[in-house]
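Biologist: I should like to understand how the terms used for a protein model are justified. May we take them one at a time, each with its definition?

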Amino acid sequence: AETATMIVPSGVVQVSTSNNHTLFVKSDGSLWGMGESRYGKLGNGRGGYNSHYEKIPFQIESSGVIQASAGGHHSMFVKTDGSLWAIGANWQGRLGDGTETQRSRPVQVIDSTGNVSYVSAGVSHTLFIKTDGSLWGMGDNSQGQLGDGTTEHRLSPILIEITDTLSVSIRRKSFYVKADGTIWAMGQSL
């Protein structure tokens, strides 16, 4: 559009978009999605390769969500109890549930004892931060983007940084900020 168009009239507190889909969280803790639902990434039960586009926002979760991240053919979200949830394509284990099984409905990756505070979904991997400042990751590691010194894909979360992680941003590579103000990067061809 040449000018801005209002999509939702009120209540949105956080939004995340990828190339093909968008997630947003409302102040009541509900999670909403729109855009391409290929591989089940919108959690509406539509899986597989064929695309279906949700042009009108629809509710994925009714309450309890504090933050969401739209990745490459997958979606991740954190609930108020510190649990981590995933939906969508799971190649290389990007959902972190220990499998490579596509999920067209939300699946819990980390339970409430995990104390997850933030998640970032990239093209084919995922990183998340816990309340203790530790940084964790899973999924595609072919370029070393999980920072564990290997190029092995990780189907379950691995510990990357023990403490002091403040924020993380990923796409194909990984960047994170530590409490001392330094920026760190993982992945080849930085």
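Biologist: What makes 49% of the 190 residues of the chain count as buried?

Modeller: Buried means under 20% relative accessible area, exposed means over 50%, and partly exposed lies in between, with a 1.4 Å probe and protein chains only. By that rule, 49% of the 190 residues count as buried. Please note that this is a predicted model, in which local features need pLDDT of at least 70 and side-chain atom pairs count only at pLDDT 80 or more, while totals for chains, interfaces and linings use all residues. Residues are numbered from 1 along each chain as its sequence is written, and side-chain values use heavy atoms, with hydrogens and water left out.

Biologist: Why is phenylalanine 24 called buried?

Modeller: Its relative accessibility is 5%, so phenylalanine 24 counts as buried. Phenylalanine 128, at 0%, therefore counts as buried too.

Biologist: What makes phenylalanine 24 and tryptophan 32 a stacked aromatic pair?

Modeller: Rings of Phe, Tyr and Trp (for Trp, the six-membered ring) pair if their centres lie within 6.5 Å; planes under 30 degrees apart count as stacked, over 60 as edge-to-face, and the rest as tilted. The structure holds 5 aromatic pairs. In one of them, phenylalanine 24 and tryptophan 32 lie 6.3 Å centre to centre with 5° between the planes, hence stacked. Phenylalanine 128 and tryptophan 136 are likewise stacked, at 6.3 Å and 5°.

Biologist: How do you know that strands S9, S10, S11 and S12 belong to one open sheet?

Modeller: Strands (E, at least two residues) and helices (H or I, at least four) are DSSP runs, numbered from the N terminus; the chain has 15 strands and 0 helices. Two strands pair if DSSP finds at least two bridges between them. S11, residues 135-139, is joined to S12 by 4 bridges, so the two count as paired. One bridge links glycine 137 to isoleucine 158 in S12. The open sheet has the order S9-S10-S11-S12, with antiparallel pairing.

Biologist: Why do S9 and S12 stand at the edges?

Modeller: Strand S9 (116-121) and strand S12 (154-161) each have a single partner strand, so one side of each is left without a neighbour in the sheet.

Biologist: How do you know that the radius of gyration agrees with that of a compact globule?

Modeller: The radius is taken over C-alpha atoms, and the globule rule is 2.2 Å times the number of residues to the power 0.38. For 190 residues a compact globule would have a radius near 16 Å; the chain has 16 Å, and therefore agrees.
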